[in-house]
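Please give a short report on the structure shown below, written for someone who has not met it before. Set it out under brief headings, and explain the terms as they come up.

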Amino acid sequence: MKAAVLYEYNQPLVIEEIELEDPKAGEVHVNIAAAGVCRSDYHFMKGEARIALPTVLGHEGSAIVKRVGEGVTSVKPGDHVILSFVPGCGRCHFCLIGRSNLCDAHAATGPYMYDGTTRLYKGEQRISHMGKVACFAEEAVVPEAGCVPVSSDFPMDVAALIGCSATTGIGAAILTAAVEAGSTVAVVGCGGVGLNVLQGARLANAGRIIAVDINEGKLEFAMKFGATHAVNASDEDAVARVMEITGGLGADYTFEVFGSARTVETAYAMARKGGTVTVVGIAPMGEEASINAVSLTRNEKVLKGSYYGSARPPVEFPRLVEMYRSGKIDLDGLITRRYRLEQINEAYDDLDRGDVGRGVITFQ
Ligand code: CND
Ligand code: ZN
């Protein structure tokens with residue numbers, strides 16, 4: 001099957017034929033339908049985050065089940081599924097307390113299957129699977145828990161977005177931060193994930209929703225996804241502007257959705273006393289944000305991380321499907337460009353330039 005393989009950091013993905021082994025017990029072989037172009041993959045391409053190389057990236061995907069391994073009971077061939085990049089093991093401490101997004105067994109095996117081996121090879125060479133998804137390929141083998149069924153009349157490109165950006169962004173607003181109705185929200189970084197934080201804040205009936213970005217096009221987009229104010233951080237001091245908009249108080253909830261120490265500090269500085277700062281972006285490895293320790297105490301700020309929107313995919317994916325169907329969230333409007341797998345390097349150049357809301361690779 002054809003896949004986009006990352007052999008070396010800072011080199012283009014290589015589109016080539018590789019081998020996919022049969023699913024083992026508890027695993028599912030799928031045909032990928034659509035894959036979202038998310039910055040998390042780009043962090044690996046740039047070496048800002050590390051993964052076992054070579055690897056097949058892609059963690060935001062939808063697929064159709066082709067066949068199932070021994071013991072799989074929750075899906076069957078022909079079923080449409082949304083892939084989860086943290087398929088909880090169901091047995092570790094975090095899965096047992098209902099926080100499967102923090103699954104220990106998944107973290108321990110990383111980009112390999114739960115038995116620690118891979119199903120992807122180029123000749124003798126082992127290739128790893130990002131998030132046990134690896135959807136920048138025509139096909140994949142994924143754990144059963146990584147397949148969340150979705151009805152076959154549901155659009156597969158939208159389904160892919162539910163696999164990461166929608167769940168991560170809307171979850172950060174609704175589940176991690178639990179934005180209160182009427183409150184003021186500021187979102188730093190309005191790409192595919194940040195636009196979903198904005199629409200999550202709108203769903204929560206936030207009062208003022210302030211979009212902060214360095215790209216004017218993204219800010220225009222943000223106004224369609226719930227923002228009431230737009231702040232261009234490349235031509236004004238974003239913290240000062242948020243202070244001005246909030247009458248000197250700062251925002252009740254702030255979100256960092258780019259992925260850098262600097263923007264974490266910006267989101268922290270914009271929060272009011274007692275406000276909640278939620279960090280969604282994945283900063284380059286080793287970067288440390290500096291937070292004035294006493295300001296945390298005296299100002300009672302709350303600093304939180306949000307991984308996969310604090311979601312339990314089998315619970316939240318179907319909820320997002322229903323919210324999309326009833327018109328409460330807009331996912332079609334996020335998809336600004338569609339690409340074929342062969343164009344994936346171009347898709348990431350577009351992401352880097354900030355040209356897209358969300359790009360999607362389609363396979364059918
Ligand atoms: P994308 O590149 O689409 O958006 C990032 C946005 O940040 C762009 O609109 C940029 O213009 C903007 N930006 C850049 N610099 C600044 C700045 N200094 N101030 C304000 N805005 C700025 O990326 P994405 O939306 O796909 O991903 C965003 C981050 O979220 C990224 O770090 C990704 O790895 C992370 C993420 C986290 C999770 C999770 O579970 N927590 C899941 N998926 C992605
Ligand atoms: Zn993602």
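## Terms and basis

A residue is called buried when its relative accessible area is under 20%, exposed when that value is over 50%, and partly exposed in between, with a 1.4 Å probe and protein chains only. By this rule Arg 91, at 69% relative accessibility, counts as exposed.

This is a predicted model, in which local features need pLDDT of at least 70 and side-chain atom pairs count only at pLDDT 80 or more, while totals for chains, interfaces and linings use all residues. Residues are numbered from 1 along each chain as its sequence is written, chains are lettered from A and ligands numbered from 1 in the order in which they are written, and side-chain values use heavy atoms, with hydrogens and water left out.

## The zinc site

The zinc ion (ligand 2) has Cys 38 (SG), His 59 (NE2) and Cys 164 (SG) as its protein donors, at 2.1 to 2.4 Å. Donors here are N, O and S atoms within 2.8 Å of the metal (3.2 Å for Na, K and Ca), and sites may look incomplete because water is not among the atoms. Along the sequence, the donor residues follow the spacing C-x20-H-x104-C. His 59 and Cys 164 link distant parts of the chain, being 105 residues apart: His 59 sits in the loop between strand S5 (55-56) and strand S6 (61-68), and Cys 164 in the loop between helix H4 (156-163) and helix H5 (165-176). Helices (H or I, at least four residues) and strands (E, at least two) are DSSP runs, numbered from the N terminus.

Both of these residues are buried, His 59 with a relative accessible area of 2% and Cys 164 with one of 4%. The angles among the 4 donor atoms of the zinc ion run from 84 to 136°, and the site is irregular. Four donors count as tetrahedral if all angles lie between 85 and 135 degrees; four count as square planar and six as octahedral if opposite donors are over 155 degrees apart and all others between 65 and 115; anything else is irregular.

## The surroundings of ligand 1

There are 29 residues around ligand 1, and those that come nearest are Arg 39, Asp 213, Phe 258, Tyr 308 and Arg 358; a residue is near a molecule or strand if one of its heavy atoms lies within 4 Å of it. By class, this shell holds 14 nonpolar, 11 polar and 4 charged residues, where Ala, Val, Leu, Ile, Met, Phe, Trp, Tyr, Cys and Pro count as nonpolar, Asp, Glu, Lys and Arg as charged, and the others, Gly among them, as polar.

A polar side-chain atom of Arg 358 lies 2.7 Å from an oxygen atom of ligand 1, a backbone N or O atom of Val 193 lies 2.9 Å from an oxygen atom of the ligand, and a backbone N or O atom of Val 280 lies 3.0 Å from one of its nitrogen atoms. On its own, ligand 1 has 870 Å² of accessible area, of which the protein covers 92%; such areas come from the Shrake-Rupley method with a 1.4 Å probe, and for residues only the protein chains shown count as cover. Helix H1 (39-45), helix H6 (192-203) and strand S13 (209-213) are the elements that give two or more residues to the shell, and H1 gives the most, with 3 residues.

## Two enclosed helices

Helix H5 is largely enclosed by the rest of the structure, because 10 of its 12 residues are buried; among them are Ser 165, Gly 169 and Thr 176. Just after H5, Ala 178 takes a positive phi of about 50°.

Helix H9 (residues 261-270) is likewise largely enclosed by the rest of the structure, since 7 of its 10 residues are buried. Among these is Thr 263, buried at 15% relative accessibility, whose side chain is joined to that of Glu 256 by a polar contact of 2.7 Å. A polar contact is a pair of N or O atoms within 3.5 Å; within protein, one must be able to donate a hydrogen and the other to accept it, and residues adjacent in sequence count only if both atoms are side-chain atoms. Thr 266 in H9 is buried too, at 18%, and lies 7.9 Å from Val 188, C-alpha to C-alpha, although the two are 78 residues apart in sequence.

## Backbone features in loops

Most residues other than glycine have a negative phi, and most peptide bonds are trans. Asn 205, which is not a glycine, has a positive phi of about 60°; it is placed in the loop between H6 and S13 and counts as exposed at 52% relative accessibility. A cis peptide bond, with omega about -10°, joins Leu 53 and Pro 54, and Pro 54 is in the loop between H1 and S5.
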